[in-house]
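Here are a few exercises to work through with the model open beside you. Try each task on your own, then read the solution step by step.

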Amino acid sequence: MNSLLDLLKRLYNHLIFLVLLALSLSLYFKTSYYQKAKISVATRIITGTWYKQVSKVTDLFNLRRENAELLNENLELRNQIEGYKFMLRELVDTIVTQDDSLNFIEYISSNVINNSINSQHNFLILDVGENKGVKSGMGVVSNNGVVGVVASVSSHYSSVISLLNTDLQISAMHKKSGAFGSLSWDGANYRKVILNEIPLHINISKGDTIVSSGYSAIFPKDIPIGKVVDFHSKDGSFLAITVELFADFKTISKVYVIRSRVKEEIDSLQQNVD
């Protein structure tokens, strides 16, 4: 206590000075409009700076909250996208297995469980058979074009003569001209087949599209097969056209068996003609 009294005694003059200075300034600012304005501006600057710093801190906390909300929203959107992808795949499978009443065609979805491309007589094995209504002689296609023809069927499986089988011939057409011929594999290159019997006068260009002709009940018209990469005259009467397949048989995993409602009717008429 004595020490405090000693300290006040030593600072007595200074304290009196500060009190008088504060009193003088207060009277001065109250009586001078110009100084009051200066003090007001300074006060606004200080308070503005303070509120600005407070706002930055508040924004930082809000930013963290908004970031967390965005992450949750992003996660929810990702889940929704995956859900829509699944629904789209289901919708595509549903559409592709619907009856095409106009063309009397029905597609049966199937997975390839075995496939060969290295021999002259290649086959595929599918995981559908009589249980799905598959019969021998039905055509098989993928999203990229013709694959082959069903050779034999068991209860749950079927074997398919691949387009890469030198024994298989199908009717194919030069899409631009409508000229059709016989298409088969020569056993050389698994990406290329040969279209024969196209007349010489047909205007063929590299890059032209080859499709199924529809002249049988196996494949509907305009199923894509490939594009022209080369052609030359054969026997002086017809063209031999080299066709690069759209389908890569090394990567085929999903195919569709074609069930034609009018195949038996057409086959019966064909037998009568023969």
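## Exercise 1: N196 and its surroundings

At 17% relative accessibility, N196 counts as buried, since buried means under 20% relative accessible area, exposed over 50% and partly exposed in between (1.4 Å probe, protein chains only). A word on what you're looking at: this is a predicted model, where local features need pLDDT of at least 70 and side-chain atom pairs count only at pLDDT 80 or more, while totals for chains, interfaces and linings use all residues. Residues are numbered from 1 along each chain as its sequence is written, and side-chain values use heavy atoms, with hydrogens and water left out.

**Task.** Find the strand that holds N196, and list what N196 touches.

**Solution.**
- Step 1: Go to strand β8, residues 192–199, and you'll find N196 there. (Strands are DSSP runs of E with at least two residues, helices are runs of H or I with at least four, and both are numbered from the N terminus.)
- Step 2: Leave out residues up to four places away in sequence; N196 then touches G181, S182, K234, L239 and A240. Contact here means heavy atoms within 4.5 Å.
- Step 3: Look across from N196 in β8, and S182 stands opposite.

## Exercise 2: Following β7

**Task.** Work out which strands pair with β7, and over how many bridges.

**Solution.**
- Step 1: Locate β7 at residues 180–184; four of its five residues are buried.
- Step 2: On one side, strand β6 (residues 169–174) pairs with β7 in the antiparallel sense over five bridges. Two strands pair if DSSP finds at least two bridges between them. Take A172 as an example: its bridge partner in β7 is G181.
- Step 3: Check the hairpin of β6 and β7. There are five residues between the strands, and G178 takes a positive phi near 85 degrees.
- Step 4: β7 also pairs with β8, antiparallel again, over three bridges. Besides the S182 and N196 pair, S184 stands opposite I194 in β8.

## Exercise 3: Two barrels

**Task.** Trace the strand order of the barrel that contains β7, then do likewise for the barrel that contains β3.

**Solution.**
- Step 1: Starting at β6, the six strands close in the order β6-β7-β8-β11-β10-β9, with antiparallel pairing. Neighbouring strands of this sheet are turned by 40 degrees against each other on average, direction ignored.
- Step 2: Now follow β1-β2-β5-β4-β3-β12, a closed barrel of six strands, also with antiparallel pairing. Its twist averages 45 degrees from one strand to the next. (Axes are lines fitted to C-alpha atoms, for helices over the stretch in contact, and angles run from 0 to 180 degrees between N-to-C directions.)
- Step 3: Zoom in on β3 (residues 139–142) and β12 (residues 254–260), which pair over three bridges. V141 has Y256 in β12 as its bridge partner.

## Exercise 4: The whole protein

**Task.** How many helices and strands are there, and what share of the residues is buried?

**Solution.**
- Step 1: Count the elements: three helices and twelve strands.
- Step 2: Of the 274 residues, 30% are buried.
- Step 3: Take the contacts with a separation of 6 or more; residues 24 or more positions apart account for 57% of them.
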